[in-house]
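Here is a short briefing to read alongside the structure. Have the sequence and the 3D view open, and we will go through strands, aromatic rings and charges in turn.

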Amino acid sequence: MNFIIPEFPLLNFGSIYCIGRNYAEHIKEMKSIPTDSPVVFLKPRSSIVFNNGIIKLPEESTNVHHEVELVLLIGKECHNISKEDATDAVKAIAVGIDVTARDVQSDAKRNGLPWTFAKGFDTFAPIGNFVPADNSIDLQNLDISVHVNSELRQLGNTSNMIFTVNEIISYLSHRFTLYPGDLIFTGTPEGVSQIHHGDKIDAQIGNNLSSLTVHVQA
Ligand code: MG
């Protein structure tokens with residue numbers, strides 16, 4: 001695939017950072033424990049798919065879940081930036097799904113191993129259209145939802161994040177230099193559930209600011 005970002009043809013997708021355990025109710029449903037600092041993992045670029053694409057269920061899993069999330073597109077190089085300056089780093093936002101092979105992840109957790117396989121299969125990072133992040137968008141007050149076959153499965157609001165967008169960007173930038181084109185998945189609210197062959201998934205953020213439709217195939 002090419003890695004050009006459709007809405008910003010001069011920009012290529014870079015690293016894909018993801019934050020785990022960032023909504024209290026999702027931590028509860030997973031019977032996980034909250035952490036004092038963000039849980040960070042990465043997905044490979046090969047996991048990206050766009051609107052009207054396909055989530056391909058991998059043979060290695062029998063229990064793949066949707067996790068609908070606010071996705072940030074970084075627009076400038078950031079190293080050690082403060083929370084106060086972090087907002088300026090966001091070029092655009094989109095809705096995305098952190099597709100997760102839950103059984104593979106459970107095995108990894110049990111064995112103290114990384115989540116890379118559970119989170120990083122091809123097609124495990126569907127992303128909707130990018131919307132420029134200007135001052136009219138309050139990143140910490142966006143509804144976020146996902147329907148599977150027209151049934152509402154997840155409905156949350158980014159105001160319920162444990163670590164805010166600014167805190168996440170600042171935290172990451174103290175460990176990794178962020179570059180234009182990098183993406184950050186910011187965590188999912190409660191309601192994650194299994195997806196199956198033939199499902200149609202519709203995700204939205206901010207009352208249709210960004211939307212995404214993908215189909216699931218075995
Ligand atoms: Mg997630």
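Strands β8 (residues 68-74) and β9 run antiparallel and are joined by seven bridges. Please keep in mind that this is a predicted model. Strand β9 is a good place to begin, and the aromatic pairs follow from there.

**Strand β9 and its partners**
- Strand β9 covers residues 90-97, and seven of its eight residues are buried, so the strand is largely enclosed by the rest of the structure.
- On the β8 side, look for V71, which stands opposite A94 in β9.
- Strand β12 is also joined to β9, here by two bridges, and these two strands run antiparallel.
- At that junction, I93 stands opposite V131 in β12.

**Aromatic pair F13 and F130**
- How many aromatic pairs does a search of the whole structure find? The search finds five.
- In one of them, the rings of F13 and F130 have centres 6.2 Å apart and planes at 45°. Stacked planes would be under 30 degrees apart and edge-to-face planes over 60, so this pair is tilted.
- The two partners come from distant parts of the chain, 117 residues apart. F13 belongs to the loop between β2 (8-12) and β3 (16-20), while F130 belongs to the loop between β11 (125-126) and β12 (131-132).
- Are these two rings on buried or exposed residues? F13 has a relative accessible area of 2% and F130 has 5%; buried means under 20%, so F13 is buried and F130 is buried as well.
- F13 and F130 also form one aromatic cluster with F50.

**Aromatic pair Y17 and F176**
- Y17 and F176 make another tilted aromatic pair, with 5.2 Å from centre to centre and 35° between the planes.
- This pair, too, links distant parts of the chain: Y17 is in strand β3 and F176 is in the loop between α5 (165-173) and β15 (183-185), 159 residues apart.
- The partners fall into separate accessibility classes: Y17 counts as buried at 5% relative accessibility, whereas F176 counts as partly exposed at 32%.

**Charges over rings**
- Which ring does the charged end of R45 sit over? R45 has its charged end over the ring of F3, 3.9 Å from the ring centre.
- R175 offers another example, lying over the face of Y171 at 3.7 Å from the ring centre.

Note on methods
Residues are numbered from 1 along each chain as its sequence is written. This is a predicted model: local features need pLDDT of at least 70, side-chain atom pairs count only at pLDDT 80 or more; totals for chains, interfaces and linings use all residues. Side-chain values use heavy atoms; hydrogens and water are left out. Rings of Phe, Tyr and Trp (its six-membered ring) pair if their centres lie within 6.5 Å; planes under 30 degrees apart count as stacked, over 60 as edge-to-face and the rest as tilted. Helices (H or I, at least four residues) and strands (E, at least two) are DSSP runs, numbered from the N terminus. Buried means under 20% relative accessible area, exposed over 50%, partly exposed in between (1.4 Å probe, protein chains only). A charge sits over a ring if NZ of Lys or CZ of Arg is within 6 Å of the ring centre and within 35 degrees of the ring normal. Two strands pair if DSSP finds at least two bridges between them.
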